[in-house]
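Please open the model in a viewer and keep the selection tool at hand. The stops below are meant to be followed in order.

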Amino acid sequence: MTYRSVLKFFSVAVLAAGLGFGVAGCDRNDADEADGSVTTIIQGADQELLDAIAQAQALQGMPYPFHTLSGDYLAGRLAADVGDMERATDYLTRAMNKDKENLILLQTALPVSVAAGDFDSAVALSQQVYDAKNLDSHLGMVILIAKAVKDEDYVTAWKYADEMSPGGLGMYLRPLLRAWLAAGDKSLVTAETIIKAEIKKQPLLAALYYTHLGLLSEYRSDAKKADDYYKLAIARQMSVRMAALVGSFYEHNNRSGTANEMYSKFIGDDSEFHGMSFAYATHEREKENRLPPKNVNSIDDGIALALFDLASVLHQEKATRLALLYSNIADYLRPEDDFNHVLLGDIYLGMGNAEEAQRRYQSVPATSDIYDLTQFRLADVLEQSGSWKEAVTVLDSLSLPQELQTDIAMKKADIFRRAEQYDKAIPLYSLVIESKSFIKNPQWGIYYSRALCYEQTDEWDLAEKDLLKAMELDDKEPLVLNYLGYTWADKGIHIDKALEYIRKASDLAPNDGYIADSMGWVLFRLGRYDEAEGYMEKAVSIVPNDPIINDHVGDVYWVVGRKIEARYQWQRALDETKDAADKDRIREKIQNGYDISSEDKIVISDE
């Protein structure tokens, strides 16, 4: 089993509770208790619930002069769910001012304050939760430990760690926190004893624990033990992050040759961009006689690294909001960690907060070994924000070796295609297709993408060749089958084969409403209305608010005599579409009905 598989098992089996900002934000017991308490808060308060709805509307800028306990609580939850931490904090603070002893309100406000980066409030709230004897709130305990460590009060930090519940997240957090605190206030032997006991209990997490044993030994200046532990770790798992940690240790101990040998393993025809760009960056840094940052300078750093590891697992398993909390605490303890900045950028991007993601990516300096990797991610953010030209500029600014130019070309080609700059995308896709790495490992998706561009530039013969080539590589890919089949049908050629391909695509992707729409629309244009009706109804049931599908369904309904339902679907299409010409065309149908025109019919050509 790979290390990532182990962590996936670990995260699914152990970390599954409390993935939202709501109630405690951490544990199932907390959530169950919260459900009952919230019910008590709002039970029988019909007017207050109406007030809460009004307050929720106020999140969109509507004035709201009234504030009730349940209203502020629910509005705060809603604001947190949509990522508006400033408003969430405001509403929850109002709620807590009305009931300062309410544990549920405290536990709801705590993760919001952490997500917002307001650690003064987070510490105060965590202390209140602790004083209420709720030792199961792992988030609160970690906050108190982090604050004590920053204050160098290791005795208090140890007390909190020792009292932490071992269940849920505590199974991971408690031993690592205690080990790092032991290294700071007690001894390396104590730290080793704690972690080795966990390796026996959880052998699937051995790579993680050996990594921290190496970091602990490095912190306590025992290079021999650190080397031994790092070897055990990398024998079980290797990643860019792992290479950065172990490589830093080697370089700071005058073993640059060993570090370079490890870095070079990321370079090869089958290597991925993030590994290769990292390896080349380390080689460039060595030419400049620069050392990487030292792994651990304080207990703060060690605990931050443990929290980063947890946040990484949570993010991989789509527990995005919980990942944000622990990544933010890691940032509180170790604000200069480039890997954590990238993780936070990824988390914010996944939450739809492009502005904060961009800020995090841009905080990684050009001297970092992962700068190029970060710029790749920055290009994604810029494109998603509508600044595709700026995204291309970022990629053009990278000075990368020839081996990585294919990755740059691919990235730019995709950006140009999505920006409908097809003439610029085509030569870049061609460069990728002609590259050594592609010839060795061809991928249907790149032929498919170039085919889309060829078709949009009226070069159908070339598009068809690419689609057929994509099918040679994967004849069960629904996207290729549907696109090729629909285009053939639209051109009136290979009709039987076209229908076969679209039907096969529909069978392979039964929950794809767009493929069902393709099948229904082709049948409709061939005059096979009864057959078309079933496919169109399936399409609209899967994708109910797509204006093209709604428009198609309306046309089919009209022709088969379901005229009231046809106008209903056209009205939905009119409401959803943004194109002015389409709006005029749809209004005409709503008013005067629809007669299938010669343009809508497929004219079968000689094949």
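The tour begins with the whole chain and then proceeds from one selection to the next.

**The whole chain**

Display the protein chain as a cartoon, bearing in mind that this is a predicted model. The secondary structure comes to 34 helices and zero strands. Colour the chain by accessibility next: of its 607 residues, 53% are buried. Among contacts between residues at least 6 apart in sequence, 55% join residues at least 24 apart.

**The largest nonpolar core**

Select I145, L173, L181, I303, Y326 and I329. These are the residues that touch the most other members of the largest nonpolar core, which has 192 residues. Then highlight helix α17, residues 299-316; this helix gives the most to the core, with 10 residues.

Centre the view on L173. Which residues does L173 touch, not counting residues up to four places away in sequence? The contacts of L173 are H138, V142, M164, L307, L310 and Y326. Y326 thus appears both as a contact of L173 and among the core residues that touch the most other members.

**The cavity**

Helix α17 also leads to the next stop. A search of the whole structure finds one cavity of 30 Å³ or more, and the space in the largest cavity is about 30 Å³. Select its lining: T211, H212, L215, R241, L245, L305 and D309. Two or more of the lining residues come from each of α12 (206-219), α14 (240-252) and α17. With three residues, α12 gives the most to this lining. Colouring by class shows three nonpolar, two polar and two charged residues around the cavity.

**A stacked aromatic pair**

Show the aromatic side chains next; the whole structure holds 19 aromatic pairs. Select F273 and F376. Why is this pair described as stacked? The ring centres are 3.9 Å apart and the planes meet at 10°, so the pair counts as stacked, for which the planes must be under 30 degrees apart. F273 belongs to helix α16 (residues 273-287) and F376 to helix α21 (residues 371-384), so the pair ties together parts that are 103 residues apart in sequence. Both F273 and F376 are buried.

**A buried aspartate**

Move along the chain to helix α23 (residues 405-418), which contains D414. Is D414 buried or exposed? The relative accessibility of D414 is 15%, so D414 counts as buried, the limit being under 20%. Select E383, Y429 and S449 to see what D414 touches, not counting residues up to four places away in sequence.

**An aromatic cluster and the second largest pocket**

Finally, select W521, F524, Y529, W558, W570 and Y594, which form one aromatic cluster. Keep W521 selected and add Y486, D517, I548 and H552. These five residues lie nearest the centre of the second largest pocket, whose lining has 28 residues. W521 therefore deserves a closer view as a member of the cluster and of this lining. The space in the second largest pocket is about 820 Å³. Helices α28 (478-490), α30 (513-525), α32 (547-559) and α34 (580-592) each supply at least two residues of the lining. Colour the lining by class to end the tour: 11 residues are nonpolar, six are polar and 11 are charged.

Definitions and conventions:
Residues numbered from 1 in each chain as written. Predicted model: local features only at pLDDT ≥ 70, side-chain atom pairs only at ≥ 80, totals over all residues. Heavy atoms only, no water. Core = buried A, V, L, I, M, F, W, Y, C linked by side-chain atoms within 4.5 Å. Buried < 20%, exposed > 50% of the residue type's maximum accessible area, 1.4 Å probe, protein only. Helix = DSSP H or I, 4+ residues; strand = E, 2+ residues; numbered from the N terminus. Contact = heavy atoms within 4.5 Å. 1 Å grid on protein atoms, 1.4 Å probe; cavity = no way out; pocket = protein on both sides within 12 Å on 5 of 7 lines; lining within 4 Å. Points joined across faces, edges and corners; volume = space filled by probe spheres on them. Nonpolar A, V, L, I, M, F, W, Y, C, P; charged D, E, K, R; others polar. Phe/Tyr/Trp six-rings, centres within 6.5 Å; stacked < 30°, edge-to-face > 60°.
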